[in-house]
Each structure stands twice: as C-alpha cells, then as structure tokens.
Amino acid sequence: MYQALEEAYQQGIVKAIGISNYDERRFKKFINHCHIIPMVNQIENHVYYQKWEYQQLLEQNNIKVQAWAPLASSLKDISNEPILLEIGNKYHKTPQQIALRFLIQRNISVITKSKRKSRLQENIDIFDFALSDEDVSKIKQLDNNYTLFPWTKMF
C-alpha cells in the first residue's frame, strides 16, 4: 500500500504521505525499505502515553507526529485528572484543553473527535496561552508509557 502512496506522491496526486501506528520497532524496519520518507506518523499519543524519545527519532527523520486519541478516547478520565485540573485552573481552561495544549506545544498535531459544536470550539480554544516548563514537568509525571489500546501491540 505504501508503494501506491509513493507513486501518487511522485505523480503529484498527493502533497504528503504518511504512516499510522508504526511503533519504533516497525518504523526502523520500514524506513530502510521505503523510497520516500513519510511526512507524518499518526500514533496514539496523549498525557498517559507521551512517547518523547520516539517523537525525537521521528523528528530526526523529518517526520511529524500526529496524535490520535489525544484525549485518551475516554478510556481514562482526563476531566478529573488532578494535575490537569490544577493547571487548568491556573489558565481558566478545562483539563482537555490542557491535554491538547500539551501536545500542540510539543509540535504534535492532534485529531479530536466530537459531535457537539461546543466541544469542537473548546478543543480549538487552546492558542491563547502557553504551558510553563513547570506545567510540562507536572504533566510528564502522568506518562505511564503504555498504550490504552492493546490491539496496537499486535504488530
């Protein structure tokens, strides 16, 4: 499938190509067999699964990280996470906004999902503040370095 994407890119049909759910092990194998380096790797990334080192490896290869499940897909209750509540109070933002800002500030694009217009607006209302280094350090404490989606471990 990726070869078809490479062809479409070479023909100018698409402007960018990428991969999804390639963990570090799969990525290292893949990168040695493709002709065009992907521009993005869409991976699970949120405050509970932060992947700092992997992001650094991808960026060394000029690949952007795009987070799916940036709010942990309701598998964890971000809205009641004490650290996010504390930081949210400081900026008058919701825990979800803090979680999204954390990713955006790390130069990770996010894909959020909601059917409610008010939630979509809340998700985009994260560009009028910046987290301090102290805030980021606190949020780093939430990282348990484990997926919330065990099916992604089958690769």
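This passage walks through helix contacts, aromatic pairs, one buried leucine and two unusual backbone angles in a predicted model.

A good place to start is the meeting of two helices, α4 (residues 82-91) and α7 (residues 133-140). Their axes come within 9 Å and cross at roughly 160°. Angles over 145 degrees count as roughly antiparallel, and α4 and α7 are therefore roughly antiparallel to each other. The crossing of these two helices is left-handed. On the α4 side, the contact is made by I83, L84, E86, I87, K90 and Y91, while α7 contributes D135, K138 and I139. Sorted by class, the residues of this contact comprise five nonpolar and four charged ones, with no polar residue.

A second helix pair, α2 and α3, can be read in the same manner. Here the axes come within 11 Å and cross at roughly 15°. Since angles under 35 degrees count as roughly parallel, this crossing makes α2 roughly parallel to α3. The crossing of α2 and α3 is again described as left-handed. Residues E24, F27 and K28 of α2 make the contact with Y54, L57 and L58 of α3. By class, the α2 and α3 contact has four nonpolar and two charged residues, and no polar ones.

Two of the residues just named, F27 and Y54, lead on to the aromatic rings. A pair of aromatic rings is described by the distance of the centres and the angle of the planes. The structure holds six aromatic pairs. In one of them, the rings of Y22 and F30 have centres 5.0 Å apart and planes at 65°, so this pair is edge-to-face. Both Y22 and F30 are buried. F27 and Y54 also form an edge-to-face pair, with 6.2 Å from centre to centre and 70° between the planes. This pair links distant parts of the chain, with F27 in helix α2 (residues 24-31) and Y54 in helix α3 (residues 52-60), 27 residues apart. F27 is buried, and Y54 is buried too. Returning to Y22 and F30, these residues form one aromatic cluster together with Y2.

Attention now turns to a single residue, L100, which is found in helix α5. With a relative accessible area of 0%, L100 is buried. Leaving aside residues up to four places away in sequence, L100 touches P70, L71, V110, T112, N123 and I126. L84, named above as part of the contact of α4 with α7, can be located relative to L100 as well. L84 and L100 are 16 residues apart in sequence, and their C-alpha atoms are 11 Å apart in space.

Finally, the backbone deserves a look. Most residues other than glycine have a negative phi. A69, although not a glycine, has a positive phi of about 60°. A69 lies in the loop between β3 (64-68) and α4. Its relative accessibility is 9%, so A69 counts as buried. N107 is another residue other than glycine with a positive phi, in this case near 70°. The place of N107 is the loop between α5 (95-105) and β4 (109-111). Unlike the buried A69, N107 is partly exposed, with a relative accessible area of 43%.

Technical notes
Residues numbered from 1 in each chain as written. Predicted model: local features only at pLDDT ≥ 70, side-chain atom pairs only at ≥ 80, totals over all residues. Heavy atoms only, no water. Axes fitted to C-alpha atoms, helices over the stretch in contact; angles between N-to-C directions. Helix = DSSP H or I, 4+ residues; strand = E, 2+ residues; numbered from the N terminus. Parallel < 35°, antiparallel > 145°, perpendicular 65-115°, else oblique. Left-handed = near helix turned anticlockwise from the far one by under 90°. Contact = heavy atoms within 4.5 Å. Nonpolar A, V, L, I, M, F, W, Y, C, P; charged D, E, K, R; others polar. Phe/Tyr/Trp six-rings, centres within 6.5 Å; stacked < 30°, edge-to-face > 60°. Buried < 20%, exposed > 50% of the residue type's maximum accessible area, 1.4 Å probe, protein only.
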